[in-house]
Amino acid sequence: MSRIGRRPIPIPAGVEVTLDGPVITVTGPKGTLTRSLPPAMTVAATEGTLVVTRPSEAKGHKQLHGLTRTLVANMVDGVTTGYRKTLEIAGVGYRAQKIGDKLQLNLGYSHPVEIVPPAGISFEVETPVKLAVVGIDKELVGQVAAKVRATRKPEPYKGKGVRYAGEVIRRKAGKAGKIGGKK
């Protein structure tokens with residue numbers, strides 16, 4: 001049995017879970033999330049916990065078991081605490097600012113890059129070189145953070161660009177200078 005899949009998911013106070021066949025809806029203090037789960041997996045609510053079960057020991061069912069449990073647990077965590085991805089900007093003149101709900105990035109291009117957040121996502125600019133993507137859907141927060149990072153990926157020679165907080169960029173040596181040269 002899947003070690004992850006068999007763990008029960010605790011439902012905190014203030015969170016309501018609705019099961020309608022393969023569709024699960026989780027409502028909490030931060031919002032509501034809905035997801036269609038694989039039809040083979042069964043989710044059952046019991047006394048403040050959710051339990052995900054699989055129909056057989058087939059390889060495909062084993063694979064979906066842990067995945068389904070993790071997706072449901074992420075939904076419960078999202079509506080209670082939410083998710084946050086922090087990004088850092090490195091480079092001379094590179095900066096971020098929030099204009100309305102949009103994020104404007106100056107990353108050395110001839111024009112500023114504007115990113116409009118999808119529904120359920122917001123940007124927080126802590127300093128001009130540090131920003132965060134915040135939301136209740138873990139998958140969507142990660143996608144938007146990856147989109148922001150893709151506007152100017154960190155380059156290996158000087159380390160300039162947008163990177164995740166704590167991400168280590170492997171640096172390369174530049175060109176080696178000539179020793180001696182021709183006369």
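These exercises work through a predicted model, one element at a time.

**Exercise 1. Describe the sheet that contains S7, from strand order to twist.**

Solution.
- Step 1, order. Four strands form an open sheet, arranged S11-S12-S7-S13, and the pairing is antiparallel.
- Step 2, edges. Strand S11 (121-127) and strand S13 (161-164) are the edge strands, and each pairs on one side only.
- Step 3, twist. On average, neighbouring strands of this sheet are turned by 25° against each other, direction ignored.
- Step 4, one pair in detail. Six bridges link strand S7 (residues 83-90) and strand S12 (residues 130-135) in the antiparallel sense. Within S12, Val133 stands opposite Lys85.
- Background: strands of a sheet pair through backbone hydrogen bonds, either parallel or antiparallel.

**Exercise 2. Which strands does helix H2 touch, and how do its buried residues lie around the axis?**

Solution.
- Step 1, packing. Helix H2 (residues 138-150) packs on the sheet and touches S7, S11, S12 and S13. The direction of H2 makes about 10° with that of S7.
- Step 2, length. H2 has 13 residues. From first C-alpha to last, H2 reaches 18 Å, close to the 18 Å expected at 1.5 Å a residue.
- Step 3, burial. The buried residues of H2 are Val141, Val144, Ala145, Val148 and Arg149.
- Step 4, face. Down the axis of H2, these buried residues fall within an arc of 140°, so they line one face of the helix.
- Step 5, periodicity. An α-helix has 3.6 residues a turn, so residues three or four places apart point the same way.
- Step 6, cover. The buried residues of H2 are covered by elements including S7, strand S9 (102-106), strand S10 (113-115), S11, S12 and S13.

**Exercise 3. Locate Pro118 and find what it touches beyond four places in sequence.**

Solution.
- Step 1, place. Pro118 sits in the loop between S10 and S11.
- Step 2, accessibility. The relative accessible area of Pro118 is 32%, so Pro118 is partly exposed.
- Step 3, contacts. Residues up to four places away aside, Pro118 touches Leu140 and Val144. Val144 is one of the buried residues of H2.
- Step 4, separation. Pro118 and Leu140 are 22 residues apart in sequence, and their C-alpha atoms are 8.7 Å apart in space.

**Exercise 4. Is Gln104 buried or exposed, and what does its side chain contact?**

Solution.
- Step 1, place. Gln104 belongs to strand S9.
- Step 2, burial. Its relative accessible area is 12%, under the 20% cut-off, so Gln104 is buried.
- Step 3, polar contact. The side chains of Gln104 and Gln97 make a polar contact at 2.6 Å.
- Step 4, surroundings. Outside four places in sequence, Gln104 is in contact with Arg95, Ala96, Gln97, Ile99, Pro112, Val113 and Glu114.

**Exercise 5. Trace the pairing of S6 and assign its side chains to faces.**

Solution.
- Step 1, one partner. Strand S1 (residues 9-10) pairs with S6 in the antiparallel sense over two bridges. Pro10 has Thr49 as its bridge partner in S6.
- Step 2, another partner. Strand S5 (residues 42-46) runs antiparallel to S6, joined by five bridges. Ala45 is bridged to Leu50 in S6.
- Step 3, turn. S5 and S6 form a hairpin with two residues between them. Glu47, in the turn, has a positive phi of about 35°.
- Step 4, faces. In S6 (residues 49-53), Leu50 and Val52 point to one face and are buried. Thr49, Val51 and Thr53 point to the other face and are not buried.
- Background: in a regular strand the side chains alternate between the two faces of the sheet.

**Exercise 6. Place Thr68 in helix H1 and characterise the helix around it.**

Solution.
- Step 1, helix. Thr68 lies in helix H1 (residues 59-80). H1 has 22 residues and reaches 33 Å from first C-alpha to last, close to the 32 Å expected at 1.5 Å a residue.
- Step 2, burial. Thr68 counts as buried because its relative accessibility is 0%. Other buried residues of H1 include His65, Arg69, Val72 and Asn74.
- Step 3, polar partner. The Thr68 side chain reaches the backbone oxygen of Leu64 at 2.7 Å.
- Step 4, contacts. Neighbours within four places aside, Thr68 is in contact with Leu37, Pro38, Met41 and Val52. Val52 is one of the buried residues of S6.
- Step 5, cover. Among the elements covering the buried residues of H1 are S1, S6, S7 and H2.
- Step 6, exit. Just after H1, Gly82 has a positive phi of about 85°.

Notes. Residues numbered from 1 in each chain as written. Predicted model: local features only at pLDDT ≥ 70, side-chain atom pairs only at ≥ 80, totals over all residues. Heavy atoms only, no water. Buried < 20%, exposed > 50% of the residue type's maximum accessible area, 1.4 Å probe, protein only. Polar contact = N/O pair within 3.5 Å; in protein donor to acceptor, adjacent residues only side chain to side chain. Contact = heavy atoms within 4.5 Å. Pairing = 2+ DSSP bridges. Axes fitted to C-alpha atoms, helices over the stretch in contact; angles between N-to-C directions. Expected span 1.5 Å × (residues − 1). Arc of directions from axis to C-beta.
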